[in-house]
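Dear colleague,

I am passing on the structure we spoke about, with some notes on what I found in it. Please look through it alongside the text below.

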Amino acid sequence: MTELVNITELLLSRIRDVRDYPEPGVLFKDITPLLADPAAFTALTGALAEITVRHGATKIVGLEARGFILGAPAAVQAGVGFIPVRKAGKLPGATLSQSYDLEYGSAEIEVHAEDLVAGDRVMVVDDVLATGGTAEASLQLIRRAGAEVAGVSVLMELGFLGGRARLEPALAGAPLEALLQI
């Protein structure tokens, strides 16, 4: 338990609050100080790798863009493959795409069609679970590719935005683990 408390304190101490960004009234959680600190970044990616291994994942899907920063080193530490899920139009070749609704409009994400196959167990990694829209779309994309969802792991969950409740049906029993609850 002491180790969990220590990593929580370390991670929290390296996340900077930025008031009124990107618009007035928003308190932005800036993880760049955490990424700049080798001990904190190593602890974070180690924790994400441990979650990946514990849930038997064979690949990590990182959500653009900070999910790339966290997911790729976690995949290396866990000894699994890394698959980027990008905004529409950013990947060459054949892709699978999934649209999802935002507060004001919609967006679309894509993955290379051949990167996920039947038999893969996929852990989705991102920095923040906010409203859950992107994570929900990624779970749909993973299943459409024929792969199995091993779970979702994030650095922090912004509980007041209701992302967990939105994501629960799409998880279909797969775990959602947040290292920090904000």
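The notes below take up one helix, then the nonpolar cores, then two single residues.

Please bear in mind throughout that this is a predicted model.

I began with helix α4, which covers residues 66–78. At 1.5 Å a residue, its 13 residues should span 18 Å, and the end C-alpha atoms are indeed 18 Å apart, so the expected and the computed span agree. Within α4, the residues Gly67, Leu70, Gly71, Ala74, Ala75 and Ala78 are buried. Because these residues cover an arc of only 130 degrees around the axis, they lie on the same side of α4. As for what they meet there, the buried residues of α4 pack against the helices α2 (32–36) and α3 (38–54), and also against the strands β3 (59–63), β4 (81–87), β7 (121–129) and β8 (148–157). After the helix comes Gly79, whose phi is positive, near 75 degrees.

Turning to the interior, the largest nonpolar core holds 27 residues, of which Val61, Leu116, Leu139, Ile142, Val152 and Leu167 touch the most other members. At least two residues of this core are supplied by each of β3, β4, β6 (105–112), β7, α5 (133–144), β8, α6 (163–171) and β9 (176–181), and the largest share, five residues, comes from α5. Apart from this core lies another, of 24 residues, among them Ile31, Leu44, Leu48 and Ala74. As a general background to both, nonpolar side chains in soluble globular proteins tend to be buried together.

Val61 deserves a separate word: leaving aside its neighbours within four places in sequence, Val61 is in contact with Ile83, Val85, Leu116, Val122, Met123, Val124, Val125 and Ile142.

Finally, I looked at two single residues. Ser138 has its place in helix α5, and since its relative accessibility is 1%, against a cut-off of under 20% for burial, Ser138 counts as buried. Beyond its neighbours within four places in sequence, Ser138 is in contact with Leu63, Ile109 and Val124. Val128, by contrast, is placed in strand β7 and counts as partly exposed, because its relative accessibility is 22%. With neighbours within four places in sequence again left aside, Val128 is in contact with Val154, Met156 and Leu158. The C-alpha atoms of Val128 and His112, which are 16 residues apart along the chain, are separated by 23 Å.

With best wishes

Methods
Residues are numbered from 1 along each chain as its sequence is written. This is a predicted model: local features need pLDDT of at least 70, side-chain atom pairs count only at pLDDT 80 or more; totals for chains, interfaces and linings use all residues. Side-chain values use heavy atoms; hydrogens and water are left out. Helices (H or I, at least four residues) and strands (E, at least two) are DSSP runs, numbered from the N terminus. The expected span of a helix is 1.5 Å times one less than its number of residues. Buried means under 20% relative accessible area, exposed over 50%, partly exposed in between (1.4 Å probe, protein chains only). The arc is that of the directions from the helix axis to the C-beta atoms. Contact means heavy atoms within 4.5 Å. A nonpolar core is a set of buried Ala, Val, Leu, Ile, Met, Phe, Trp, Tyr and Cys residues joined through side-chain atoms within 4.5 Å.
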